[in-house]
Every structure is written in structure tokens, then in C-alpha cells.
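Reader: I would love a close look at the cysteines in this model, with enough of the surroundings to place them. Could you walk me through it?

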There are 2 protein chains.
Amino acid sequence: MGPITAISWAPSGAVRIVDQQLLPDAWRERDLEDAAAVVQAIRALQVRGAPLIGIAAAMGLVAGLREQRSAARDAFLTRQTELEALLGAARPTAVNLAWALARMRCVAQATSGDGRALWERLRAEADAILEEDRAMCRRIGAAGLPLIGAGASVLTHCNAGALATGGIGTALAPIYLAHEHGRAVGVYVTETRPVLQGARLAAWELTRAGIPCTVIVDSAAAALLREHRVQLVIVGADRIAANGDFANKIGTYGLALLARHHGVPFYCAAPSSTIDSNLENGADIPIEQRPTEEVTHVAGRRVAPESAQVWNPAFDVTPASLVTGYVTDQGLVRPPFRPTA
Amino acid sequence: MGPITAISWAPSGAVRIVDQQLLPDAWRERDLEDAAAVVQAIRALQVRGAPLIGIAAAMGLVAGLREQRSAARDAFLTRQTELEALLGAARPTAVNLAWALARMRCVAQATSGDGRALWERLRAEADAILEEDRAMCRRIGAAGLPLIGAGASVLTHCNAGALATGGIGTALAPIYLAHEHGRAVGVYVTETRPVLQGARLAAWELTRAGIPCTVIVDSAAAALLREHRVQLVIVGADRIAANGDFANKIGTYGLALLARHHGVPFYCAAPSSTIDSNLENGADIPIEQRPTEEVTHVAGRRVAPESAQVWNPAFDVTPASLVTGYVTDQGLVRPPFRPTA
């Protein structure tokens, strides 16, 4: 069985997603009929992963503009601007969201005609974003494939797989390709508290594809690295600054430091859409603070006393100096990082 | 309100514990009537923490030998040996368990008389172990107090507090004393997956005592340290080898590396009973592998697919080279570590 498909069009023209909050317990698709529903699904982490939320934003814009197909040009563009603002504020850290919406804006401005023509063009552009992401995932996989020799054991964090993209993932793409090539490959995945995307999503999609996967608690990574149980670490990214610093799921920075200390190569895999050339370095990447309940409650049960406070940044920033290489759709890029997008 | 009491004698002579698996939801005391019940409670982590399981083993031996009070000397000692084997196999990593049982054995051998006399002597020795632990906790607190200035912010991992000892804890003892001295002190605690002793126990007992506590997911420690939100890290220990290497809750080793990288002092707090002079270094400390369910299930709900494997070491070993100082009942010991016990 190959990697799963995380996003598609519903027959109604809605955005069809897999509700990732219910995995691995249940596979339930949801049809998001308008932009507000897409924003809600992104905020609730039903759809997550930097590339995927970029795609979801573009598709959500199209779904939300269906009603404007008979509108005049100005009314259509005004509504597009409103929905862009709505969608653009869904989550702050992944730049793919702003990137996809800016691309949709440029396309609309460059297209003549009324609502119908504009909408058709935007729909085609959302399809292009989805298809390009799919293709970029394969190219990322090809770029990273030489890193995954037969018998390799890889550590990853969070989920940067098929469930985070329109295709076969970013960090997991080289692993899927190695598996396709018949190479025995094993993956260790950190469970990735607080939302457990590693245990719930990465372990699920990997084992579903027939790739052996071992889950560890996040804090076991140091012992794992010391025992030389993995030959490399690959993670995804939510935003890469011009100098190669990148934001990714909380814990990535610590993993990078631990990998460096133990002499284990550390790779960041991401498509061009994740690069933010406007930011000189990682210090300027906005870091989302998530609700305290993600930490105080697990599976609906309170695990920390009400009297305790919580600090819950969803991401941290890994400096480029800790990165062995960037696995991108442009190939394997060794530092110093220079954006090509 | 002061720190709570984690262990005591029930009127029946059973070992009375607080069921730590139910905290912070519920405060329920359990009376463990025999050695088998104590073993079960230790294995199920209803009673945990290296000093506390040493105390529980000594007290459980006494509770289990109540029936032998009218036995002849030989029969009594034979039964003691059986119960020692039972209790000694409860968990492998914390040396306090073996230490307490060896001490009880020596005392019995040095005592003349029959079952009644031996039992009375053992009961007094278990009391002494409990009282000495209580006193050692206060001395550890005093030794660490100078580290906790007014306004200090401290990071700790797991629970090395009152719930882990017979007294006010080890790692948390200096914090309790600083609070007693009227110093404003704040604690960041890692939630400590898989069993969440940080979120469930440390945050609970600290805030109950009026000490502000902020819970973070384990993997947020690196970002916390980089932001200089804490001035020092203090953790407990389950076994300290002769060279100062020590085993503690999984994740401690990574924290020590991250603290070193960020120039944050890293302290290990423990009583003499945690030192194992027989082991030259940390490589020889046996590391307990815990059940996979601790990782695959949270609060009774499955979070990792059945198809995934799990690696779940309960402890890791931190080399002495990463330790700024040992906060012990003998004072603050700077490396190189030399056991005084």
C-alpha cells in the first residue's frame, strides 16, 4: 500500500480532508465547504503540516469563492481579499500559508474577466499548487534517497509525511522512495508531544505503507542517539529563513543539538514553498503559542493540576549551523544555505 | 501548606502509600499488607522515586514479616531472605531498593533472638531508614539552598520531590527551603513522558505548597534554555556510580547536554542511599525497559497504531562530565565525584 492522500476536492467543490485529530483511531473525511471551515480545521489541527496547510488555504479560497462565480470582477476580488485575510490568519508560523495565498492573489490580478473567469483561473492555480507539491515531494524524495542506504535506520520528529503534504511527504519522502526501491529501512519516530503527530500520524502512515516504525517518547532521543541506533535524523520545516535557520515542531532544535553532539547527520527536508527569503534569519520567524489544554490534558483527561501554568510554543528555531543538509525539490543543499526560490 | 507525606505505617502495620498513579485527579491512600502488595505497587508506579522505593521495600519487608513474629530464628531469617528476593526484584535501576534490603539483612544478622526480637529490630530499622531519609532531604535542601537566589527560576525533570522520598524531596528540597525562607522562586517542570510524573506529581506538589510551577512538554526544554528562562537545572537520581555518572528518568541525559550547551548549571540531587560505590561508572547501571503500553496509550486511549513498535527505557545515564555539582546530604559536591557513603 502506498502513502495516503491527505487532501482532494469533494464532488461539491468543497475541500475534502482527512481529520488528522481522529487518527489513528478513526479514518474520517471531512468536506470543508467554505474558508471559515478551512480556518477552523487548520486551527484545530485536523489539517496540519506546512505544505498541506498552504494547499488547504488555496483550495479553501477556491471553495469559498464558489458563490462569487457570477459576481462582477471588483466584487469577486474584494471577497477574495476578505477570504485571504481570514485564511492567512489561521496559523502564524508556516510560511506556506501566506505563500499560497500570495500566489493566488498574483494570479487573480494577472487574469482578466469577471467572477467566472477569475474563479476558473484560481481553481486551476489551486490544482497546480497541489500537483506541484506532489511533484516536489517526489523530487525531495529523490534528493534524499542517496542518504537512505539499505538497512538504514532513521530518526524523525513529528509528521512530515504524506499527511503533511499533497504527496509523499518531505522528511518521509526519501524513506518512501527507499522502500519503493526495495531497501530495508527502519524509522524511529518521536511521539511528539503535545499533539502526538509522531505516534498518531507518522507511525500510522509508515507502518500502513509497510515500513517498520518504532515510537519513542521525545526525551528518549538522546539515549537513542548515544546508542547509535540511527544513522541520520530527518525532519520537516514550517519556515526556512534566508540564512537557513528554520522553524519546525517544538523539540526540533533540541534534536539538532543532540544529533550534532553524537555526530549523527541532521537533515531538514522541505519544498521551495517553505522558504521565506524575506526573513534574514530565524529570530524573525513568528512562533505560535498553542492553547494550554494541549499540555494539561491528554486524550481528554487532565494530567496537570489546574494550579499549574503552561508554556506551550508549537515550534522552535534550529540554526543553520546545526544542519548537515537541506533536502529540497532543488536537490540536496549543503550549507551555507542560499534560497533559490 | 507544606510538602505532603508519601509513606507511613497504617494502624494494622501495613505500609500506607498514596497511589501516585491516580494523582492529580484523586488522592487515595492504599494500605499494602504484605511484600507482594508492595512489589505490585512499586511495579505499577503507585509508589515510585528512588528514595521512596527504598523506604517502601524496608517497610514492606517488615509488614510481610509480621506473621513471622512467633517463628523461630531460622524460620524467620529464611522467610526474610525470600521476601528480600521478592522485593529486590521489583525494579532494577534504583539502587536504594537493594541498599535498604541489604541494610535490613545486616541488622537482622547482627541481632540475636527469635522472630519477635528480630522483627522489632527490623521495624526500628525501617523507621530509622524513613527518618534518616527525611533528615537527608532537609540536608540536601540546605546544601542546595545557596543555589536558589530570590527570584530564581529552576528547571526540573520528573518528580524528585516529597512524593519521591520520605521527606521534602531531593531535587525539590532546595526549592522548598528557599520558599520557606520567603524567597520568590519559580519552577519549570517537564511533563516527563511516558508516565507524566512532572505534570502529574511535581506540578501538583509544588503548587499545593504555594510554589508557582509552569509545565512544558519535554521537548520544549531546549527552547526554554535558549531563552534563558531558567538559571539552573536540578534533577534527582536513581543510582550514582562511583565516578559520578548517574541514572535518572529518561530524558535527563538530553537535558544535561542541552544545559551544558546553553551554559546553564546542571545539578544532581540525591541522598547517600542512591550512591552505588560498587559500580565504577554509569555503563554498568541496569536500565529498566518498561511496558510498551506506557507509550502507546495515554490516559487509557491508544495513541500509536498497533503496527508500531516501541522502545521504552525508563532511565538514561548522564555522565559526570555534564554535572555542575551534586547536591547531597553531605553537602554540595563539585566534580570529580568521590562517593562518601
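Author: Happy to, and the pair of chains is a good place to begin. In this predicted model, chain B is superposed on chain A by a rotation of 180° with 0.0 Å of shift along the axis, at an RMSD of 0.0 Å. That is the relation of a two-fold axis. The copies meet through the same surface, because 98% of the interface residues of chain B are also interface residues in chain A.

Now to the cysteines. A disulfide is a covalent bond between the sulfur atoms of two cysteines. With a cut-off of 2.5 Å between cysteine sulfur atoms, the count over all chains comes to zero disulfides. Take Cys213(A), which is in no disulfide: its nearest cysteine sulfur belongs to Cys158(A) and is 13 Å away. Cys213(A) counts as buried, at 1% relative accessibility. In the other chain, Cys158(B) is also without a disulfide, and the nearest cysteine sulfur, from Cys268(B), lies 13 Å off. Cys158(B) has a relative accessible area of 7% and is therefore buried, given that the limit is under 20%.

Cys158(B) deserves a second look for its backbone. Its phi is near 60°, a positive value in a residue other than glycine. You will find Cys158(B) in the loop between strand S4 (152-156) and helix H6 (173-180) of chain B. Leu45(A) is another case, with a positive phi of about 65° although it is not a glycine. Leu45(A) sits in the loop between helix H1 (35-43) and helix H2 (50-64) of chain A, and it is buried, with a relative accessible area of 3%.

What surrounds such buried positions? In soluble globular proteins, nonpolar side chains tend to be buried together. Here the largest nonpolar core has 142 residues, of which Ile148(A), Leu155(A), Ile148(B) and Leu155(B) touch the most other members. Leaving aside residues up to four places away in sequence, Leu155(A) touches a set of residues that includes Tyr188(A), Val189(A), Ile216(A), Leu224(A), Leu232(A) and Leu255(A). There is also a second, separate core of 50 residues, with Ala6(B), Trp9(B), Val15(B) and Val62(B) among them.

Helix H9 (residues 252-261) of chain B is largely enclosed by the rest of the structure, because eight of its ten residues are buried. Among the buried residues of H9(B) are Thr252(B), Tyr253(B), Leu255(B) and Leu258(B). Just after H9(B) comes Gly263(B), with a positive phi of about 70°.

Val15(B) brings us to a sheet. Its bridge partner in S3(B) is Leu32(B), and strand S2 (residues 15-18) of chain B pairs with S3(B) in the antiparallel sense over four bridges. The open sheet has three strands in the order S1-S2-S3 (chain B), with antiparallel pairing. At its edges are strand S1 (7-9) and strand S3 (29-32) of chain B, each of which pairs on one side only. Direction ignored, neighbouring strands of this sheet are turned by 30° against each other on average.

The loop between S2 and S3 of chain B holds Pro24(B), which is joined to Leu23(B) by a cis peptide bond with omega about 0°. A cis peptide bond also joins Pro335(B) and Pro336(B), again with omega about 0°. Pro336(B) lies in the segment after strand S17 (331-333) of chain B.

Note on methods: Residues numbered from 1 in each chain as written. Chains lettered and ligands numbered in written order. Predicted model: local features only at pLDDT ≥ 70, side-chain atom pairs only at ≥ 80, totals over all residues. Heavy atoms only, no water. Core = buried A, V, L, I, M, F, W, Y, C linked by side-chain atoms within 4.5 Å. Buried < 20%, exposed > 50% of the residue type's maximum accessible area, 1.4 Å probe, protein only. Contact = heavy atoms within 4.5 Å. Pairing = 2+ DSSP bridges. Helix = DSSP H or I, 4+ residues; strand = E, 2+ residues; numbered from the N terminus. Axes fitted to C-alpha atoms, helices over the stretch in contact; angles between N-to-C directions. Least-squares fit on C-alpha atoms with pLDDT ≥ 70 in both.
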